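Here is an informal walk through a protein model, one topic at a time. Have a look at the sequence and structure first, then read on.

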Amino acid sequence: MSEDRPRPAPVPENELRRWMLPSAVVKELDPDAVPEGRRLRRTARDWAVDTCCFLLVVLLYLVTAVSLVRHPDVPQGYVVADVVLGGLSCLAVWFRRRWPVGLAVVMIAVGFASETSGWVTLVTLFTVAVHRPFRYVAWTGGANLALVPLYYWLRPESGLSYTAGLVFALLLTVAVIGWGMFVRSKRLLMLSLRDRAHRAETEARLRAEQAQRLAREDIAREMHDVLAHRLTLLSVHAGALEFRPDAPREEVVRAAGVIRESAHEALQDLREIIGVLRTGGSDDAAGGRPQPTLAVLDQLVGECREAGMKIVLDHRVADPAAVPASVGRTAYRIAQEALTNARKHAPGAEVALRLAGAPGDGLTITVTNPPPKAEAPPVPGSGQGLIGLRERATLAGGRLEHGATADGGFEIRAWLPWG
């Protein structure tokens, strides 16, 4: 039958550690552990420490009470009052965590009048040193130290000189207070180190989230640049087929081939970008096709010309392969987005693409188109590509400007560093 009984659920490891810590430390580590308006409960460690303190003061109380009873010069009534106060003071040890400062003040006064209560006074001073800032320790400890010479002058210790008893009491009080301050400093150091580690973990998590966000923004820019170019090619050829159903068969076949090829390239680019998003890496680590650079700009211009776009290319960079990969990739994306914008907003217009630059002078890209011959239909999301281009150029250490020309056209000018 005992095997059929449900086993108790295991206690979580953090709960076990909580019982091994002081309640004051638990409150600092987990403020939500104590409901609003409720007093902090003792942990198992607190009960063990308080029990040891109670047993210690009771033992010292009994030794002091026996010595006081055997003292021949102390009146019997005073002995009874002193023993009663000492016994009640021992019970006060259980309240030292709730009212440390108030109990210490009361015990300083009681300890001055009762010899058997002096040990409890030391325990309360230790409690103040552990649980309260230094200003409370200075006031209570200073008051007790100031009363010690008067106490031994009024009640000299039998078998000890006034100086020896005074020095012993002062050293014992200072040692107890110093021990309490040392315990408090260790707790504060532990809490500060934990808080510092928590802040470091939070900052590391925020940096990781920021890096992930920047990587995803970079992938989004790549998706916009690549897919916008491919889809505009599809739109141009599909429009040609729609408005020229009587076109020769060769042109229809060529347009259909370009549409198929552009759709295939768009799907391939989209598949690679989705793969990057799934793996959480960057586009450079996607393991797909190599990223385009300035060396393949002629291929981009050729694709646009096959789509029926009129482009005048003025390429003055002697060795495009010598351009750094990051700069060349940025220049390629700028040219690609600029040609896509011209195709969308000024269809049929002749576009001028100029590149010039050398190491040390930088790389300049200029794309200019005249005003459209007819009003172009509005395109959803217009302007986002230019914002992305400006951010891309800024991240590369360059600059990008765009605006209308004097004849009503549009021009994009970009400069990239080429060290």
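## Y136 and its contacts

Let's start with Y136, which is found in helix α7, residues 134–154. This is a predicted model, so keep that in mind for everything below. With a relative accessibility of 32%, Y136 counts as partly exposed.

Who does Y136 touch? Once neighbours within four places in sequence are left aside, Y136 is in contact with V101 and V128. V101 sits 35 residues from Y136 in sequence, yet their C-alpha atoms are 7.2 Å apart in space.

## How α3 meets α6

Next up is a helix pair: α3 (residues 44–69) and α6 (residues 118–131), whose axes come within 9 Å and cross at roughly 150°. Angles over 145 degrees count as roughly antiparallel, and α3 and α6 are therefore roughly antiparallel to each other.

On the α3 side, the contact is made by V57, L60, Y61 and T64, while α6 brings W119, V120 and V123. Sort the residues of this α3–α6 contact by type and you get six nonpolar, one polar and no charged.

## Cysteines without bridges

How many disulfides does a search of the whole structure find? The count is zero. As a reminder, a disulfide is a covalent bond between the sulfur atoms of two cysteines.

Take C53: the closest cysteine sulfur belongs to C52 and is 7.0 Å from the sulfur of C53, which is too far for a bond. The cut-off for a disulfide is a pair of sulfur atoms within 2.5 Å. C53 counts as buried, at 18% relative accessibility. C90 counts as buried too, at 3% relative accessibility.

## A335 in helix α11

Moving along the chain, A335 has its place in helix α11, residues 325–345. Is A335 buried or exposed? Its relative accessibility is 1%, so A335 counts as buried.

Not counting neighbours within four places in sequence, A335 is in contact with L297, L300 and L353. For one of these, L300, the C-alpha to C-alpha distance to A335 is 8.9 Å, with the two positions 35 residues apart in sequence terms.

## L400 in strand β4

Now for a strand residue: L400 lies in β4, which covers residues 399–404. L400 is buried, its relative accessible area being 6%.

What does L400 touch, if residues up to four places away in sequence don't count? The list is I334, L389, R390, A393, I412, R413 and A414. T366 is 34 residues from L400 in sequence, and their C-alpha atoms are 9.8 Å apart in space.

## The whole chain

Stepping back, the protein has twelve helices and five strands. Of its 419 residues, 35% are buried. Look at contacts between residues at least 6 apart in sequence, and 69% of them join residues at least 24 apart.

## How far to trust it

The average pLDDT of the protein is 78, and 77% of the residues score at least 70. Two stretches call for care. Over residues 1–16 pLDDT stays under 50, and the model has one contact beyond four places in sequence for them. Residues 281–288 also have pLDDT under 50, but here the model has eleven contacts beyond four places in sequence.

Where pLDDT is low, the predicted coordinates should not be read in detail.

How values were computed. Residues are numbered from 1 along each chain as its sequence is written. This is a predicted model: local features need pLDDT of at least 70, side-chain atom pairs count only at pLDDT 80 or more; totals for chains, interfaces and linings use all residues. Side-chain values use heavy atoms; hydrogens and water are left out. Axes are lines fitted to C-alpha atoms, for helices over the stretch in contact, and angles run from 0 to 180 degrees between N-to-C directions. Helices (H or I, at least four residues) and strands (E, at least two) are DSSP runs, numbered from the N terminus. Angles under 35 degrees count as roughly parallel, over 145 as roughly antiparallel, 65 to 115 as roughly perpendicular and the rest as oblique. Contact means heavy atoms within 4.5 Å. Ala, Val, Leu, Ile, Met, Phe, Trp, Tyr, Cys and Pro count as nonpolar, Asp, Glu, Lys and Arg as charged, and the others, Gly among them, as polar. pLDDT is the predictor's confidence in each residue, from 0 to 100. Buried means under 20% relative accessible area, exposed over 50%, partly exposed in between (1.4 Å probe, protein chains only).
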